[in-house]
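Colleague: Could you take me through a close look at a single part of this model, and explain how that part sits within the rest of the chain?

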Amino acid sequence: MNFTKHNEHPELLRQLALEVIDNIPSQALVLYSDGGRTGSGVFMRTNTEKFRYRFRNPDNSSVFRSELVDIREALNLALGNRASDTWILIDSKSSVQFLYLKDILESALPGLLCHVPWIMDIVV
C-alpha cells in the first residue's frame, strides 16, 4: 500500500493505520518512533511491558535528522530485545526512502559514502 497525505482523506489514512496496528501479532515487539525539532522518542511494547524512551536532539537539528535518530534507536532496541517478530512503526516516509537509497548506494558503490561527509553526518 502506498498512500500520501496529499491524495487521501485523513480519516481513511487513520483507519488504514489502525487496521495495520490491530493486525500485529500479540507476541510481537512493537516500536513506535517519532521525532521532532527539539526532542524525539521511541515507545516500545512487548507482550508484557511498555517502555518510553526520550532523546534530546542536538541544537539546530532538523526534524528529518531527528526521525533518523529515532529509527536508529528503535533498531538498537529491537536488536537488544532479540524478539523473533518485530514491528517498527514510523511516520516519516522521507526517512525510510533515504535509508533505502543509502542502502542501494552502499551496495552499488562500496566505500563511496565515507567520502560524502554530509550523508554520514545525517545518519550518525
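Modeller: Before we look closely, it helps to have the overall order in mind: read along the sequence, the chain follows the pattern α-β-β-β-α-β-α-α, which comes to four helices and four strands. Please keep in mind throughout that this is a predicted model. Of the 124 residues of the chain, 27% count as buried, and among the contacts in the chain with a separation of 6 or more, 52% are between residues 24 or more positions apart.

The part I would choose is helix α2 together with the sheet, and we can begin with the sheet itself. Four strands form an open sheet in the order β3-β2-β1-β4, and the pairing is mixed. Strands β3 and β4, the latter covering residues 86-90, stand at the edges with a single partner strand each, so one side of each is left without a neighbour in the sheet. From one strand to the next, the twist averages 15°.

Helix α2 packs on this sheet and touches β1, β2, β3 and β4, while its direction makes about 160° with that of β1.

Now let us follow the strand pairs. Strand β1 (residues 29-35) and strand β2 (residues 39-45) run antiparallel and are joined by six bridges, and the two form a hairpin with three residues between them. Within this pair, V30 stands opposite R45 in β2, and the bridge partner of Y32 is F43, also in β2. Next, β2 pairs with strand β3 (residues 50-56), again in the antiparallel sense, over seven bridges, and here the hairpin has four residues between its strands. In this second pair, S40 stands opposite F55 in β3. As background for reading such strands, in a regular strand the side chains alternate between the two faces of the sheet.

With the sheet in place, we can turn to one residue of the helix, D70, whose place is in helix α2 (residues 63-81). If we leave aside its neighbours within four places in sequence, D70 is in contact with S33, D34, G35, S40, G41, V42 and F55. Two of these contacts, S40 and F55, are the residues that stand opposite each other in β2 and β3.

What is the nearest side chain of opposite charge to D70, and how far away is that side chain? The nearest one is R72, 8.3 Å away, and D70 is buried yet has no salt bridge. The distance explains this, because a salt bridge needs a side-chain nitrogen of Lys or Arg within 4 Å of a carboxyl oxygen of Asp or Glu. R72 does take part in a salt bridge, but with E73, at 3.4 Å from N to O, and the count for the structure comes to one salt bridge. At 32% relative accessibility, R72 counts as partly exposed, whereas D70 is buried.

Helix α2 also takes part in an aromatic contact. The structure holds three aromatic pairs. One of them is formed by F64 and F98, which meet edge-to-face at 5.6 Å centre to centre, with 85° between the planes. This pair links distant parts of the chain, since F64 lies in helix α2 and F98 in helix α3 (residues 93-108), 34 residues apart. F64 is partly exposed, with a relative accessible area of 27%, while F98 is buried, with a relative accessible area of 13%.

Methods. Residues are numbered from 1 along each chain as its sequence is written. This is a predicted model: local features need pLDDT of at least 70, side-chain atom pairs count only at pLDDT 80 or more; totals for chains, interfaces and linings use all residues. Side-chain values use heavy atoms; hydrogens and water are left out. Buried means under 20% relative accessible area, exposed over 50%, partly exposed in between (1.4 Å probe, protein chains only). Lys and Arg count as positive and Asp and Glu as negative; His and the chain ends are not counted. Contact means heavy atoms within 4.5 Å. Two strands pair if DSSP finds at least two bridges between them. Rings of Phe, Tyr and Trp (its six-membered ring) pair if their centres lie within 6.5 Å; planes under 30 degrees apart count as stacked, over 60 as edge-to-face and the rest as tilted. Axes are lines fitted to C-alpha atoms, for helices over the stretch in contact, and angles run from 0 to 180 degrees between N-to-C directions.
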